[in-house]
Amino acid sequence: MATNSTDLLVTRLRELRRRATLVLFAQALCVSGAASMLIGEALVVGGAAQNVVAAVVVAATAALLTAAAATIVLRPSLRDIAASIDARLHLQDRLVTALQFNAAVDPFSQLVVRDAHSRVAAVRASDAVPFALPLSIRAVSAAAAIVSAVMIVATAEVPPWSRAGWTSLGGPDVPANAAVGAGPASSAAKQQLNQAESSSASANRTERSSARQQSGSDRTEATTPSVQARDLSEMVSPSSGGTGRLERGATARGDTTGTDTGTNTPDDAGVASGGASTSYEPRGGGVANGTRSALSTDTTAPFDDPAYRAAYLRGRVAAESAVAQDRVPTDLRSYVRDYFVAIRPAGDK
Amino acid sequence: MRSPSLDVVEAQAGTFRECFDHLRTEIGRVFVGQPSLVEQLLVCFFCQGHALLEGAPGLGKTLLIRTLADAVSLRFARVQCTPDLMPADVTGTNILAEAPGGLREFAFQHGPIFANVVLADEINRATPRTQSAFLEAMQERSVTVFGLSHSIDEPFSVFATQNPIEMEGTYPLPEAQLDRFFFKLAVQAPTLDELAEIMARTTGATPPPVTARFGADVVRSMAALIRQVKIADDTTRLVLRVIRATHPDAPEATDAIKKYVRYGASPRGAQAIILAAKTLALLAGRYHASVDDVRRVAVPALNHRLILNFHGEMEHAAPVTLVEQVLDTVLPR
């Protein structure tokens with residue numbers, strides 16, 4: 001009888017310990033999952049991880065491994081389980097005492113074990129070891145979820161229709177992948193971009209009119225200027241008066257150094273009818289992509305004959321049209337723009 | 001198939017609860033109110049400890065002890081302590097007696113300390129010399145007179161009373177003697193309803209009767225049963241931490257202890273706490289003592305074992321409050 005009670009008590013406690021271990025794993029997973037999620041998002045946003053799916057997989061794996069390791073390290077002993085159940089169910093230290101005396105054979109020890117077993121056997125496992133998260137873990141998980149949601153919203157890719165609608169309402173164009181670099185640096189870059197675009201709008205219109213007169217083949221753009229085309233022309237045109245021209249690739253990575261380190265060179269003051277009296281020629285210092293920087297900062301382009309200029313304008317208009325019709329993938333638009341910046345005729349604004 | 005020994009133990013535990021309830025009921029017939037005081041007194045009695053009852057005159061201290069002795073049909077002796085009380089008046093002495101053959105020889109005349117329940121009334125009015133006569137009896141349960149040791153029959157409990165007021169002409173008990181008391185119990189003034197009940201019982205025609213149902217053998221067996229109650233090592237260590245926390249130089253000591261206490265509780269305090277906790281556990285139908293039991297008995301077991309320093313005496317620091325602070329610090333809720 002006594003031995004039976006002893007065995008049953010230990011067996012029951014082991015069952016409850018398994019449940020407690022699962023609960024502990026779940027709690028650890030909540031904490032490690034939240035931490036991994038935040039770290040993964042930070043890596044993606046910061047540019048350290050390019051592949052989002054891979055980052056998610058790595059974060060999930062890390063969370064699982066961390067939770068498993070924490071569970072193994074913190075796995076409760078039978079005595080810990082007994083003490084926690086005693087405290088939770090107000091068992092007056094029955095289980096702890098019974099566990100200590102379960103090997104004794106004197107009548108009092110046997111009575112203690114029997115009493116403890118009768119109590120713990122009548123209790124449901126969910127009452128003894130509830131599957132609940134402590135308030136601290138819930139708070140940590142909720143905070144991580146909120147931060148994660150904010151980061152996701154802040155870094156979400158803006159759909160083309162949304163950008164078009166926004167731009168048609170008079171707002172500055174938002175590059176499709178410009179917002180990937182969320183954070184202070186990216187925000188500053190976007191602000192600079194908006195300022196540059198808004199202040200150079202009139203100058204760009206003047207330039208586009210001039211280009212149409214010269215080429216005589218850009219009727220499509222003249223009648224229905226596309227948002228993307230305007231965006232492209234703005235990016236192509238180096239004389240975007242204001243605070244400066246923003247390197248597209250740098251913006252996509254949240255890197256604004258390529259824009260800010262350029263030398264401001266007053267050029268063609270008063271030419272831009274829209275009031276853009278200053279042009280900014282970035283010298284490329286600090287640009288992450290050195291090749292593109294060198295191309296875009298070449299202010300002594302050798303291509304200066306009329307035939308080249310005409311060919312350039314035709315190609316540029318074709319590219320603008322392609323971009324406007326969304327035939328160019330979003331991620332490749334910057335390369336198209338950079339290309340036309342690099343091959344622009346000498347003296348072209 | 002149940003082990004017979006388990007049935008025996010369960011029957012003994014049932015008898016214990018029955019005896020305890022009987023005594024509580026019988027005392028309640030005479031002594032009005034203060035159930036916790038009665039319970040603590042009975043716990044002390046069944047643990048075979050000694051208790052010091054402190055209270056103003058006329059609150060029923062003597063009546064309480066007398067009723068206890070009557071309810072268990074044990075030998076009862078009362079010693080009214082006065083400054084001229086001699087140790088031999090307590091322990092007994094050798095007297096010259098005539099033997100049947102005509103010879104005269106010294107024979108030991110037992111004093112009142114040889115009763116089962118001894119009431120030392122107003123013990124702080126006895127001289128230290130007489131107070132010390134109680135020391136050996138209370139601790140060793142024997143008395144040595146003229147080189148001969150005379151053992152005292154079990155059960156044996158000394159219940160001393162003292163008056164916290166009228167301290168002039170008294171001899172406060174030394175710390176060594178205070179430490180020998182299992183509990184120090186405070187007798188509170190009765191409430192209005194209790195006072196009305198006291199008047200009704202004591203001014204009526206017939207005094208309330210007390211029935212004695214069991215004697216010394218039962219008390220001895222109950223005391224032995226209590227000691228078999230289990231206590232987990234964790235609980236024991238908590239008790240020891242409580243004891244340590246009453247010492248001002250211990251790391252567990254509270255700020256108040258460090259400020260007001262000169263010396264903390266002795267190991268006897270831990271013994272008292274554990275035994276009393278076991279008694280409460282058995283009374284609750286359990287066969288093991290818990291932390292809650294410890295919490296319930298710690299104050300009466302420790303409040304007289306804290307020796308206050310100068311600051312404590314000057315600022316009238318209450319040992320009960322100090323012990324409660326220690327319990328709040330050490331024992332988990």
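I began with Tyr339(A), which at 49% relative accessibility counts as partly exposed, since the exposed class starts over 50%. I then looked up Phe340(A), and that residue counts as buried at 8% relative accessibility. I note here that I am reading a predicted model.

**Aromatic pairs**

My search of the whole structure for aromatic pairs returned nine over all chains. Tyr339(A) and Phe340(A) make one of these pairs, in an edge-to-face arrangement with 5.4 Å centre to centre and 85 degrees between the planes. In chain B I looked up Phe16(B) and Phe46(B), which also pair edge-to-face, at 5.2 Å centre to centre and with 70 degrees between the planes. Why does this pair tie together parts that are 30 residues apart in sequence? I found that Phe16(B) lies in helix H1 of chain B, residues 4-30, whereas Phe46(B) lies in helix H2 of chain B, residues 35-46, so the pair links those two parts. Phe16(B) is buried at 0% relative accessibility, and Phe46(B) is buried with a relative accessible area of 0%. I followed the ring pairs further and obtained a cluster that holds Phe16(B), Phe20(B), Phe45(B) and Phe46(B).

**Chain B as a whole**

I counted the secondary structure of chain B next, and it comes to 14 helices and 13 strands. Chain B has 333 residues, of which 53% count as buried. Taking the contacts in chain B with a separation of 6 or more, I find that 75% of them are between residues 24 or more positions apart. The accessible surface of this chain comes to about 15,200 Å², and carbon and sulfur atoms hold 54% of that surface.

**Ser266(B)**

I looked up Ser266(B) and placed it in the loop between strand S11 (261-263) and helix H11 (267-283) of chain B. Is Ser266(B) buried or exposed? Its relative accessibility is 15%, so Ser266(B) counts as buried, given that the class covers values under 20%. Leaving aside neighbours within four places in sequence, I list Asp179(B), Ile243(B) and Arg305(B) as the residues in contact with Ser266(B).

**Helix H2 of chain A**

I checked the length of helix H2 of chain A, residues 52-74, against what its 23 residues should span at 1.5 Å a residue, namely 33 Å. The end C-alpha atoms of this helix are 32 Å apart, which agrees with that expectation. The buried residues of H2(A) are Ala55(A), Ala59(A), Ala63(A), Ala67(A) and Thr71(A).

**Confidence in chain A**

Before going further with chain A I looked at its pLDDT, whose mean is 67, with 56% of the residues reaching 70 or more. Over residues 174-190 of chain A the pLDDT stays under 50, and for this stretch the model has 33 contacts beyond four places in sequence. Residues 215-301 of chain A also have pLDDT below 50, and I record 175 contacts in the model for that stretch beyond near neighbours in sequence.

**Where the chains meet**

I turned last to the interface, where 23 residues of chain B are in contact with 18 residues of chain A. The two chains bury about 1,800 Å² between them, and 61% of that area is on carbon and sulfur atoms. Which residues of chain B lose the most area to chain A? I find Leu6(B), Lys230(B) and His288(B), which together account for 32% of what the chain B side buries.

Definitions and conventions. Residues numbered from 1 in each chain as written. Chains lettered and ligands numbered in written order. Predicted model: local features only at pLDDT ≥ 70, side-chain atom pairs only at ≥ 80, totals over all residues. Heavy atoms only, no water. Phe/Tyr/Trp six-rings, centres within 6.5 Å; stacked < 30°, edge-to-face > 60°. Buried < 20%, exposed > 50% of the residue type's maximum accessible area, 1.4 Å probe, protein only. Helix = DSSP H or I, 4+ residues; strand = E, 2+ residues; numbered from the N terminus. Expected span 1.5 Å × (residues − 1). Contact = heavy atoms within 4.5 Å. Areas by Shrake-Rupley, 256 points an atom, 1.4 Å probe, with all protein chains shown as cover. pLDDT = per-residue confidence, 0-100. Buried area = accessible area lost by both parts, 1.4 Å probe.
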